[in-house]
There are 2 protein chains.
Amino acid sequence: MALADYKHPYVTVDLLLFSIIDGKLAICLTKRDEEPFKDMYAMPGTFIHEDESAEGAVERLLADRLGLEGNIYTEQLQTFTDITRDPRERVISIAYIGIIPDMNMVKVPWMEWFTIASSNVGYEKLLKVGDGSNASFISNSLGFDHDEMLHIAIDRLRGKTQYTDILFKFLKDQKCFTAAILREIYQAIIGKEVNRGNFTKYQMNTYIENGLINKIGSTSVGRGRPADTYAYIGGEKLWIRS
Amino acid sequence: MALADYKHPYVTVDLLLFSIIDGKLAICLTKRDEEPFKDMYAMPGTFIHEDESAEGAVERLLADRLGLEGNIYTEQLQTFTDITRDPRERVISIAYIGIIPDMNMVKVPWMEWFTIASSNVGYEKLLKVGDGSNASFISNSLGFDHDEMLHIAIDRLRGKTQYTDILFKFLKDQKCFTAAILREIYQAIIGKEVNRGNFTKYQMNTYIENGLINKIGSTSVGRGRPADTYAYIGGEKLWIRS
DNA sequence: CCAAAAGTGTTGCTATTACACCCATGG
DNA sequence: CCATGGGTGTAATAGCAACACTTTTGG
C-alpha cells in the first residue's frame, strides 16, 4: 500500500464570507468568468498549494482575491466530496465560513454582496446590495454545489449563535457597542425578531455572567436616552448554556 | 488557471468508530503495523479512490477493514490539513464519526476497543477492553493527529446528544429498549450521571412529544418492576429543543 | 414638556431539579 | 414479605416572554 499507488483528487477551499448589511445577513459572491458555471455566481475558492494547509489557502484567498489582510475570523464548515460536483474533473472542496463586520472592507470590484432573505424552507433569495439595481436571484442558481454549502453554513451560524460567541465577530467595534447593535446582528442571523427589553435583560446579562462582555459606559449621541455601551472581552472560549 | 497546474495532495478518510461498552464510551483502534507511527494505536483510515466519494471510502473502510456490512451510522467530523500531519508526504484527512451499538459487530482480530475515561481537560485515558490485561494509555500517544481528532469527536458527540437523536444510534435494539438502557447511553456520552426519575419523566417524554420514540409495552424479565419499553421511530429529522 | 430611545420591573407560564412515594416483580 | 428496579407526583426553583413603566435626552 505505497502512497504512490493512489491517484489523488484536486483539493480546493471555498469561502462563504458573511457580514451584516442593513440589518440583514449577507454573503459575498463573485460572478464566474470562466467555465464551468460561467456567468453564474459562486463563492470564491482556490486550490490548495502543496506547501500550505487549508487554513493557509483560506488566508491567501482572503488576501489575494478579497484584499483582506489581517485577522479575519474563519472556521471550517464541511468538506464536499461528490465525484461529480465539478464537471471538469474530480475536485474536493473544503468549505470555510468567514465573517467580517463591514462589507466595505472588501474593496475589489469583482466581489459583490447579496443579502439573504431568510426563506423558511427550500432555497434562499439573494438580493444584490448597493447599486440600486434590485437584482435578485434564488440560491439554487449558484454554481457547483454552492447552494447546499450556503444552506449548511446558515444552519451552522444559527446554531452557533445559541451557544457560542460567534455573533460578536460581526461587530464593527468589539470594544464599544450597544445592546441595540448586538440585537440587530442577533436578529439578522436568527432571521426573526426578539423582544428589545428582554434581549437587554437576559441575553446581555448572560454574556456578562459568562465573562464575554463588560459594561463600559454609555453613549451620549443619538436622539433618545443614551444606551449603555459594552466591550467584548471573551477570548476563544466556548460559552455553553448552564 | 488550468486544473493541471496545481499539484494536489493525497486524501484519506479516517474513521472514529464509537460504541458503548459497559456503560462507558469506547472507541475502536488498531495498532499500526507499518511506518509511520509503527506500533502505535490509531483510528483506521484509507485513501479515497478516484471513483468514490468520501462517504464511499468510509463504506469501503467499514466493509474491508472492519468487516461491517449494512447500514452503519456515520457523519463527517472535520477535515485535517496540516502539512506535516503525515511525516511521509502531504496527506489530507477527512475524519468521520461512526457509531455501532455493539462492539462484537467488529470481528476482525486487528481492531481493538478502548473505553474512554472522561478526562475533564487535556488528554483522554484509554483503557483496553476485554482481555483482562488492564492495559491503558493516554490519547496523546495516538499516531498522527488522532488525539486531536478524538477530542473534537467527543465534543461533537456531547453537543449533538443535547439536540439531536444521535444517542439512539447506540441502541442495540432500536425497536425495543427501556429508559434505563437509554439513560446508560446518555450518561456514557455526557460523562456524568443524571437523575433516574427525571430522565424517565422529562427526557423520554420529550422524545415522545417530538415523535422520536413510542411506548410499546413492558418487559417482563428482570428482578424488579417491569420497565416500559420503547421503540425508536424517528427518521433523520433533527430535533431541536423548543 | 413631549416624543423618542433605551433600561428596568411585574407577572404569569413553562422547564428543570431534587426528592419522595408508590407500584410490580422475584426470590 | 422484602429487596430491587421502575414509574409518577410534588414542591421549589430557574428561565422566558409579554408588556408596562421609568429614565434620559433632543427639540
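Student: Which element gives the largest share of the surface near DNA strand D?

Tutor: A residue is near a strand if one of its heavy atoms lies within 4 Å of it. Helices (H or I, at least four residues) and strands (E, at least two) are DSSP runs, numbered from the N terminus. Here H4(B) gives the largest share of the surface near DNA strand D, 4 residues. This is a predicted model, in which local features need pLDDT of at least 70 and side-chain atom pairs count only at pLDDT 80 or more, while totals for chains, interfaces and linings use all residues. Residues are numbered from 1 along each chain as its sequence is written, chains are lettered from A and ligands numbered from 1 in the order in which they are written, and side-chain values use heavy atoms, with hydrogens and water left out.

Student: Which residues come nearest to DNA strand D?

Tutor: Of the 20 residues around the strand, Asn198(A), Tyr202(A), Arg225(A), Lys201(B) and Arg225(B) come nearest. On the DNA side, 41% of the atoms within 4 Å of the protein belong to sugar or phosphate, and the rest to bases.

Student: What polar contacts does DNA strand D make with Tyr202(A), Lys201(B) and Asp228(B)?

Tutor: A polar contact is a pair of N or O atoms within 3.5 Å; within protein, one must be able to donate a hydrogen and the other to accept it, and residues adjacent in sequence count only if both atoms are side-chain atoms. A polar side-chain atom of Tyr202(A) is 3.0 Å from a base nitrogen of DNA strand D. In the side chain of Lys201(B), an N or O atom lies 2.9 Å from a base oxygen of the strand. Asp228(B) uses a polar backbone atom, 3.0 Å from a phosphate oxygen.

Student: How many aromatic pairs are there over all chains?

Tutor: Rings of Phe, Tyr and Trp (its six-membered ring) pair if their centres lie within 6.5 Å; planes under 30 degrees apart count as stacked, over 60 as edge-to-face and the rest as tilted. The count over all chains is 20. One of them is edge-to-face: Phe114(A) and Phe137(A), with centres 5.3 Å apart and 80 degrees between the planes. Phe114(A) lies in strand S7 (residues 111-117) and Phe137(A) in strand S9 (residues 136-138) of chain A, so the pair ties together parts that are 23 residues apart in sequence.

Student: Are those two rings buried or exposed?

Tutor: Buried means under 20% relative accessible area, exposed over 50%, partly exposed in between (1.4 Å probe, protein chains only). Phe114(A) is buried at 1%, and Phe137(A) is buried at 15%.
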